[in-house]
Amino acid sequence: NPNDIFAPPVLVLGSANSQITCGFDDLKGSIHRYEYTVVHCNADWTQSRLWPNEYINGIAEDRINDAKPSFGPRTPYTHYTFQFPTSSMQFTRSGNYLLKVFEESNPANICFTLRFYVVEPMTAITGTVTKSSSIEQRDAMQEVDFQVTTNSNLIDPRSNVIAYVIQNGREDNSLKLKPKQVIGSILDFNYDNGENNFPAGNEFRRFNLSSVRNAMDHVSTISVIGDTCNAILVPDKPRAFKSYISENDVNGNFLPNTIDYQNANTEGEYVKVKFFLALSMPVSKGQIIVNGRFCQWDPTSGFIMKYNPSLKGFIGEGLLKQGYYDYMYLYYPELNKPGLTSLVEGDYSETQNEYQLFVYYHKPGEVYDRLIGTGVIGKTKGN
């Protein structure tokens, strides 16, 4: 979001001032031609039954024209930027959308996808985050209670309205809720049976790669070997079963940035970052993965940690552009199941988390889910 870099990627239907900026680097170096398209999805991110001409006014594919080669970094790349919607591509339906970037004239060769939202504001959302109502889970779980006030008549909202609650942008452990009760124009999502509870996790770990000349926050050493910048982070230790410590973080976000040069988009270096997590024993099954918004919370593109018996800990590495990063170690017993904070980070109900809320309405007779309201509780300041 150009007005708030940490905000969820939400467009307002029909608003001329609502845009999203997408920027990416191509490490092949030379300039290539890319295009993008969008696909309308249901609330659960399956493709909807709408045809493109039913949710797009104008062209369904557009070219990415803003391409700038890097200047100076050891790893050459080309930086691409584009904004949407454009005058030639307008969205006419609310809901979930999938952005697809692909090689020009080759839609089957998809480079990457990203999720975004188009909302038609029909509601106001208020809510609170508290310790769990359950005595047994009170110290480790957080409860998200909220109310949705509608400004139009909805048909049978108990059946046709659902809400998704997402913690810090993570979708693997999101909750799907129906209104507990409906009182006039107010949809109440205040549960006391644990349906709206999240493992609280811990404050995010962080490191600062804004300089490759001097080691900054949580970076032990910076070095250049051949044409590669290398950063070794300060060794990490498990925080589960320890006292909670309040830390300032940005709830899993990241910010490309450089203080060595003027323009992070085209002058920022790519750095091979090395992580170390001290653990006396390997996990019996599954994997520990470094995760955060820098990899869209996708465990398959995060940094997998491998156990080193001689060092008595897990080591991992990955390539990241200069900037500021929040991260945490998630334990995945299975990659298709939610990552767990309990093993390494611990769960503390005092943790300051951000919760994003998305409210959908499936009007009887229609073939898609409208997104009628969005909200954020515990907002991260990103502007």
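**Notes on cysteines, one cavity and two sets of paired strands**

1. The sulfur of Cys-22 lies 11 Å from the closest cysteine sulfur, in Cys-111, which is too far for a bond. A disulfide here is a pair of cysteine sulfur atoms within 2.5 Å, and by this rule the count comes to 0 disulfides. Cys-41 is in no disulfide either, as its nearest cysteine sulfur, that of Cys-22, is 16 Å away.

2. A word on the basis: this is a predicted model, where local features need pLDDT of at least 70 and side-chain atom pairs count only at pLDDT 80 or more, while totals for chains, interfaces and linings use all residues. Residues are numbered from 1 along each chain as its sequence is written, and side-chain values use heavy atoms, with hydrogens and water left out.

3. Are these two cysteines buried or exposed? Cys-22 counts as buried, at 5% relative accessibility, and Cys-41 is buried too, with a relative accessible area of 4%. (Buried means under 20% relative accessible area, exposed over 50%, partly exposed in between, with a 1.4 Å probe and protein chains only.)

4. You may like to look at strand 2 next. An open sheet of 3 strands has the order 2-7-6 with antiparallel pairing; strands are DSSP runs of E, at least two residues, numbered from the N terminus, and two of them pair if DSSP finds at least two bridges between them. Strand 2 (20-26) and strand 6 (66-69) are the edge strands, each pairing on one side only. Direction ignored, neighbouring strands of this sheet are turned by 20 degrees against each other on average, with axes as lines fitted to C-alpha atoms. Strand 2 and strand 7 (residues 78-84) are joined by 7 bridges, and Ile-20 stands opposite Phe-84 in strand 7.

5. Strand 13 (residues 161-167) and strand 14 (residues 170-177) run antiparallel, joined by 4 bridges. Tyr-164 stands opposite Lys-176 in strand 14. The two strands form a hairpin with 2 residues between them, and Asn-168 in the turn has a positive phi of about 55 degrees.

6. Asn-168 also helps line the largest cavity, along with residues including Gln-167, Arg-170, Trp-297 and Met-328. A cavity is a set of points on a 1 Å grid over the protein atoms alone where a 1.4 Å probe fits but cannot get out; lining residues have an atom within 4 Å of a point. The whole structure holds 1 cavity of 30 Å³ or more, and the largest has about 60 Å³ of space, the volume being that filled by probe spheres set on the points.

Definitions and conventions:
1 Å grid on protein atoms, 1.4 Å probe; cavity = no way out; pocket = protein on both sides within 12 Å on 5 of 7 lines; lining within 4 Å. Axes fitted to C-alpha atoms, helices over the stretch in contact; angles between N-to-C directions.
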